[in-house]
Amino acid sequence: MTRTVAQVIVDGLADLGVGHVFGVVGDALNPLTDAIRVTDGIEWTGFRHEEAAAFAAGAHAQLSGELGVCMGTVGPGSVHLLNGLYDAAKSGAPVLAICGQVPLSEVGGDYFQEVDNDLLFRDVAVYRATVTSPSQMPRLLESAVRAAVTRRGVAVLTVPGDLGDRKVEDDRPTRFALPRPAVTRPDDPALAEAAEAIAAGSRVTLLVGRGARDAREEVLRTAELLAAPMVLTLKGKEGFEEDNPYEVGQTGLIGNPAAAHALDTCDTLVLLGTDFPYRDWYPEDCRVVQIDVREEHLGRRVPVDVGLAGDVGATLRALLPLLAPVGSRSHLDEARERFLRWQEGQADLADPSHDKRLLGRVRAVFDNRSDEIRPEALAAAVDRHAADDAVFTSDTGMATVWLSRFVRMRGGRRLIGSYNLGSMANAMPQAIGAQLWAPDRQVVAFCGDGGLSMLLGDLMTIRSERLPVKLVVFDNRRLGMVKLEQEQAGLPEFGTVLDNPDFAAVAEALGIRGIRVTDPAELDEAVRRALADPGPVLLDVLTNPAEVAVPGKPTVSQGWGFAIAKIKENLPSGDG
């Protein structure tokens, strides 16, 4: 039986194992969504906003390692996909976006809702094509999927409104022929050069990122041999925080003094599977060896003495026999001692009774006069009560800071966020994609109040799909990261105050259980109840808006800026 263009696309995706397609129905997509309706093994998940659908598809792809699919219809529907697709692209997630277009005969005539999709997605997509004839199917679908999967990026396939229900005369099954990823390592002379560079130092520090996740055993053996403290990137938390006697936490603005010290005092830095972008946090005047599967990453952030292009695990297995043990463990021991002291201080701050004790009362005079819930306490409570195989998402901003410092990626926990694009509003829609990927696992979204409210409509998607997502809202009535940026620059807070509703009441109105917490003494039990509930829950916690996340290496200028900003904020306004 001859199939339509839409049915060829849907059958091909189903044969590939795509179980969910995310989007908003309408217009040019109608033949495609109808094909999904009658096809076994693939389901349509309708969203209220295409941006959220794209975030969900990207999350699904990041967690599964397989193709995520989203759809947006003509014009604005496709435009709305753009931010979520940028996040997928910058996260290296294979995503196929199928976009509607005006009827082929109207293309180029400034027709109602007409947008040039090939131009619109030029910067974000590794592949773009518009179907102009049924005879191009399934060839264009195969090319789009192959590009997205092999190049770990976004492919966009545009289907005009009058082509989806056209018959494909020379119909045939799809043949994607997706190759297995190659595992490569550098040649022996390059390994010898790297071993020589590492041997020249006595204080080695490892900076470990997501690209080393599948090489945990080799990375730990390297740290032991070199007595090297291990600094983790945010995306390196997953896989390296459990049973790791070399870990010293993270660097950068979300980091801690121990990690900053381990970097600043090393004479040799080894980068393993990371493209950590913040140049100011790299050490100066030290040798640098970098291993990354993507050759274009070598030396991109910091000048390297030896760059090794290859899989981290395969490269370390070949490199380890060439390395000699470092004699002194003082560099590692000092960094670990600093890290453990910092962790003790953070645990004290996260104790709900902190502000009742003497030192806590003194600190509260300056930053928590109203005795509000500290966000550190909320994050720590979630860490205590969340499942060991929970999937976490986090909004960009302060919610990510608190997650990075207090939630440990133990057991089989997973973590995703908009950690490359840095978009707002990602946590909730990514949690939807995560929950559909793993229906039986606990999914916890660390939501900022600004981020949640930006795509608030897709709370209804959680309700309509009956997804047991847990939304933890850090409700400080602020755009907290922007507030901190302004104050560190010596500017008074301006434009960051949010006039929030009672988010728990909003959730209840939508058919989702809502819990609102304002008393520190009630926090732990509220978190426990929220995470134990079998259905969707929105936990709205009013946190201290004056909380300051001190970076691992604060500068004098930041301190002065903050002090000046506080003086300005407390000066009377107006002409007088």
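1. One open sheet is built from 6 strands in the order S2-S1-S3-S4-S6-S5, with parallel pairing, where strands are DSSP runs of E with at least two residues, helices are DSSP runs of H or I with at least four, and both are numbered from the N terminus. Two strands are said to pair if DSSP finds at least two bridges between them. Strand S2 (43–46) and strand S5 (125–130) stand at the edges with a single partner strand each, so one side of each has no neighbour in the sheet. From one strand to the next the twist averages 20°.

2. A word on the source is needed here: this is a predicted model, in which local features need pLDDT of at least 70 and side-chain atom pairs count only at pLDDT 80 or more, while totals for chains, interfaces and linings use all residues. Residues are numbered from 1 along each chain as its sequence is written, and side-chain values use heavy atoms, with hydrogens and water left out.

3. Within the sheet of the opening point, strand S3 (residues 68–72) and strand S4 (residues 95–101) pair in the parallel sense over 5 bridges, and Cys70 stands opposite Ala97 in S4. Helix H1 (residues 5–16) lies across S3, S4 and strand S6 (154–160), and runs at about 170° to S4; such angles run from 0 to 180 degrees between N-to-C directions, with axes fitted to C-alpha atoms, for helices over the stretch in contact.

4. Another open sheet has 6 strands in the order S14-S13-S15-S16-S18-S17, and its pairing is parallel. At its edges stand strand S14 (414–417) and strand S17 (513–517), each with a single partner strand, so one side of each is left without a neighbour in the sheet. Here the twist averages 15° from one strand to the next. Strand S15 (residues 443–448) pairs with strand S16 (residues 470–475) in the parallel sense over 5 bridges, and Cys447 stands opposite Val473 in S16. Helix H3 packs on this sheet, touching strand S13 (391–394) and S14, and the direction of H3 makes about 145° with that of S14.

5. Is strand S18 (residues 537–542) enclosed or left open by the rest of the structure? Since 6 of the 6 residues of S18 are buried, the strand is largely enclosed, buried meaning under 20% relative accessible area, against over 50% for exposed and partly exposed in between, with a 1.4 Å probe and protein chains only. Val537, Leu539 and Val541 are buried on one side of S18, and Leu538, Asp540 and Leu542 on the other. S18 pairs with S16 in the parallel sense over 6 bridges, Leu538 being the bridge partner of Leu471. To S17, S18 is joined by 5 bridges, again running parallel, and Val541 is the bridge partner of Val517.

6. The axes of H3 (residues 50–64) and helix H5 (residues 82–91) come within 7 Å and cross at roughly 20°. The two helices are therefore roughly parallel to each other, a term for angles under 35 degrees, whereas those over 145 count as roughly antiparallel, 65 to 115 as roughly perpendicular and the rest as oblique. Among the residues in contact (heavy atoms within 4.5 Å) are Phe55 and Gly58 in H3, and Leu85 and Ala88 in H5.

7. Helix H11 (residues 312–319) is mostly covered, with 6 of its 8 residues buried, namely Val312, Gly313, Ala314, Thr315, Leu316 and Leu319. These buried residues pack against helix H8 (188–199), helix H9 (216–226), strand S10 (268–272), strand S11 (287–292) and strand S12 (306–309).
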